[in-house]
Amino acid sequence: MREQEGGGGSGGREGRRGGGRERRREDGLEDRRDGGREDRRDGGREDRRDGGREDRRELPPQSPEEQARAICLRLLTGMPRTRRQLADALEKRGIPEEVSQEVLSRYEEVGLIDDAAFAGAWVESRHRGRGLARRALAQELRTKGVHATLVQEALEQLDSDQEEQTARELVERKLRSTRGLERDKRLRRLAGMLARKGYPEGMALRVVRRALEQEGAEGADEDEDGPGYSGL
């Protein structure tokens, strides 16, 4: 009986010890889990708070010189600009004139602003693409602030012969759309088109009359050839 009691007592003690150890392990795991969750929550809140403070931290304001450089670079990235165009843009944005002139002069020194190159490229592009004559091209360059000397130098690449050849090509493309109109009306319409592109009146009338005469001569030749072909 005592052995059984002793055995039962030992078993009870062992059970209590084992149960206690299990509970302690479980409690420790729970503590670690809870602690981890708390750490993550606290850390997440701290990160968000710190991030919020970083986001709200304002950058130091730019100086007028930095603002002027940023504006010019942004505009020059899209396409070439003249000094006058950039100066006007800086003035609209409230950049002091002395700062503007200093930045623009520096950009001219390093070749980012080149009114002579701008004028030359403008004349070539607008003459080839739009068929503009020297008078119209000069007007466009003046409105962009290009100096008169640079305008004249750029226009020298376009001589009278080339200008007249372009006028003939323009008239040839428009000639068919005027067929069916009276001759005088066709003459006025085609000459007016050339005048709007900057061609002198004398050149415009000469080119249009020649085109109409050539068209009439070709039409007469076709009429003469008609009976011959029909008789074959």
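When I say that two residues are in contact, I mean that they have heavy atoms within 4.5 Å of each other. Keep that in mind, folks, and keep in mind too that what we have on screen is a predicted model.

Let's start with one residue, Thr-82. Leaving out neighbours within four places in sequence, Thr-82 is in contact with Ile-113, Asp-115, Phe-118, Lys-144 and Val-146. Where does Thr-82 sit along the chain? Look in the loop between α2, residues 64-78, and α3, residues 83-92. And is Thr-82 buried or exposed? It's buried, with a relative accessible area of 0%. One of those contacts deserves a closer look: the side chain of Thr-82 reaches the backbone oxygen of Lys-144 at 2.6 Å. Also, if you pick out the C-alpha atoms of Thr-82 and Ala-119, you'll find them 8.8 Å apart, and those two residues are 37 residues apart along the chain.

Okay, zooming out. The chain has ten helices and zero strands, so to speak a run of α-α-α-α-α-α-α-α-α-α from the N terminus on. There are 232 residues, and buried ones make up 30% of them. How do the contacts spread along the sequence? Take the ones between residues at least 6 apart: 63% of those join residues at least 24 apart. As for the outside, the accessible surface comes to about 16,400 Å², with 47% of it belonging to carbon and sulfur atoms.

Now the inside. The largest nonpolar core has 17 residues, and the members touching the most other members are Val-171, Leu-194, Tyr-199, Val-207 and Val-208. Which helices supply at least two residues each to this core? Those are α8 (160-175), α9 (183-196) and α10 (201-231). The largest share comes from α10, with six residues. To see how this looks from one member, click on Leu-194: beyond four places in sequence, Leu-194 touches Ala-167, Leu-170, Val-171, Tyr-199, Ala-204, Val-207 and Val-208. There's also a second, separate core of 15 residues, and among its members are Ile-71, Leu-75, Leu-86 and Val-103.

On to charges. Side chains of opposite charge can pair when their charged atoms come close. How many salt bridges does the structure hold? Ten. I'll walk you through some of them.

Take Arg-83 and Glu-108, whose side chains meet at 2.7 Å, N to O. Arg-83 lies in helix α3 and Glu-108 in helix α4, residues 97-109, so this pair ties together parts that are 25 residues apart in sequence. Arg-83 counts as buried because its relative accessible area, 17%, falls under 20%. Glu-108, at 35%, is partly exposed.

Then there's Arg-106 with Glu-109, a salt bridge at 3.2 Å, N to O. Here both partners lie in helix α4, three residues apart, which is about one turn of the helix. Arg-106 is partly exposed at 49% relative accessibility, while Glu-109 is exposed at 60%.

Next up, Arg-134 and Glu-163, with their side chains meeting at 3.2 Å, N to O. Arg-134 is in helix α6, residues 134-143, and Glu-163 is in helix α8, so the pair ties together parts that are 29 residues apart in sequence. Which partner is buried, and which is partly exposed? Arg-134 is partly exposed, with a relative accessible area of 27%, and Glu-163 is buried, at 3%. And in another set, salt bridges that share partners join Glu-164, Arg-168, Arg-206 and Arg-210 into one network.

Last topic: aromatic rings. A pair of rings is described by the distance of the centres and the angle of the planes. The count here comes to one aromatic pair. The rings of Phe-118 and Trp-122 have their centres 5.7 Å apart and their planes at 15°. Why do we call that stacked? Because planes under 30 degrees apart count as stacked, and 15° fits. Both residues lie in helix α5, residues 115-130, four residues apart, about one turn of the helix. Phe-118 itself is buried, at 9% relative accessibility.

And that brings us back to the beginning, since Phe-118 is one of the residues in contact with Thr-82. Thanks, everyone!

Conventions: Residues numbered from 1 in each chain as written. Predicted model: local features only at pLDDT ≥ 70, side-chain atom pairs only at ≥ 80, totals over all residues. Heavy atoms only, no water. Buried < 20%, exposed > 50% of the residue type's maximum accessible area, 1.4 Å probe, protein only. Polar contact = N/O pair within 3.5 Å; in protein donor to acceptor, adjacent residues only side chain to side chain. Core = buried A, V, L, I, M, F, W, Y, C linked by side-chain atoms within 4.5 Å. Salt bridge = Lys/Arg side-chain N within 4 Å of Asp/Glu carboxyl O. Phe/Tyr/Trp six-rings, centres within 6.5 Å; stacked < 30°, edge-to-face > 60°. Areas by Shrake-Rupley, 256 points an atom, 1.4 Å probe, with all protein chains shown as cover.
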